[in-house]
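Visitor: I should like to learn how features such as burial, ring pairs and cavities are read from a model. Might we work through an example together?

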Amino acid sequence: MVLSITKSQMSLTEFLELPETEPASEYIAGEIDRKHIPQGKHSIIQTELAPVINQIAKPQKLACAFTELRCTFAGSSIVPDIAVFEWGRIPKDQKGRIADNFHIPPDWVIEILSPRQSPNQVIKKIAFCLNHGTKLGWLLDPNDESVTIFERDRTPVVKSGNEILTILDVLGDWQFSVNDLFQCLYLT
């Protein structure tokens, strides 16, 4: 089920005052959409991919991957499947801990297509992020085991098989293929 409210019915401030929903709702360009409930493939990819990124990025204080993190910026509030922030951009509270509220776009947004989810709706969210400062977007399609790579001012590229995925520059020479990413679907 997708909940949609017209632009004139609710402001971002009013949206943020609503109780959180399960699954999360997002507010983009004045419209509210409820995310799809993750199913098996989506869930295992999300569960496995964020720790892989963090295993590479966190020890060197390069970046950090967060799952289902609300990011509110540019008049919208989204909840990417995985949001990656470069280390120096991670919001902190007055005690130097990770902040509860993130009011900046992720550096890298990763979305995993769910059954019956509109690819164009997800692409629109990735494009919104790129237009407001995100450097990299991935759209993962578990059904055909492909990843569409989005970068600002570049044509999207679809990768599959042993092709190496584009990552944030800050992660250096880390190499991760499409097959590496989707290996978790086979529980081997």
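Visitor: Is Q46 buried or exposed?

Guide: This is a predicted model. Residues count as buried under 20% relative accessible area. Q46 has a relative accessibility of 8%, so Q46 counts as buried. The residue belongs to helix 2, which covers residues 40-57.

Visitor: Which residues are in contact with Q46, neighbours within four places in sequence being left aside?

Guide: They are P51, T67, E68, D81, I82 and I112. For D81 a distance can be added: its backbone oxygen lies 2.7 Å from a polar atom of the Q46 side chain.

Visitor: What should one look at in order to describe a pair of aromatic rings?

Guide: Two quantities describe such a pair, namely the distance of the centres and the angle of the planes. The structure holds seven aromatic pairs. In the pair of F66 and F102, the ring centres are 5.3 Å apart and the planes stand at 65 degrees, so this pair is edge-to-face; the cut-off for that class is over 60 degrees.

Visitor: Where along the chain do F66 and F102 lie?

Guide: F66 is in strand 3 (residues 63-67), while F102 is in the loop between strand 6 (82-86) and strand 7 (108-112). The two are 36 residues apart, and their pair links distant parts of the chain. F66 is buried, with a relative accessible area of 14%, and F102 is also buried, at 1%. Ring pairs join F66, F85 and F102 in a cluster.

Visitor: How is empty space inside a model found, and how many cavities of 30 Å³ or more are counted here?

Guide: A probe the size of a water molecule is rolled over the atoms, and this shows where empty space is left. In this structure the count is one cavity of 30 Å³ or more. The largest cavity has a volume of about 40 Å³.

Visitor: Which residues line the largest cavity?

Guide: The lining consists of K35, H36, H42, D81, E111, I112, S114 and Q117. By class, these lining residues are one nonpolar, four polar and three charged. Two of the names have come up before: D81 and I112 line the largest cavity, and both are in contact with Q46.

Visitor: As a last exercise, how would one read T148, and is it buried or exposed?

Guide: The same approach applies. T148 is found in strand 9, residues 146-151. Its relative accessible area is 15%, so T148 is buried. Beyond its neighbours within four places in sequence, T148 is in contact with G137, W138, L139, P156, V157 and V158.

Notes: Residues numbered from 1 in each chain as written. Predicted model: local features only at pLDDT ≥ 70, side-chain atom pairs only at ≥ 80, totals over all residues. Heavy atoms only, no water. 1 Å grid on protein atoms, 1.4 Å probe; cavity = no way out; pocket = protein on both sides within 12 Å on 5 of 7 lines; lining within 4 Å. Points joined across faces, edges and corners; volume = space filled by probe spheres on them. Nonpolar A, V, L, I, M, F, W, Y, C, P; charged D, E, K, R; others polar. Phe/Tyr/Trp six-rings, centres within 6.5 Å; stacked < 30°, edge-to-face > 60°. Helix = DSSP H or I, 4+ residues; strand = E, 2+ residues; numbered from the N terminus. Buried < 20%, exposed > 50% of the residue type's maximum accessible area, 1.4 Å probe, protein only. Contact = heavy atoms within 4.5 Å. Polar contact = N/O pair within 3.5 Å; in protein donor to acceptor, adjacent residues only side chain to side chain.
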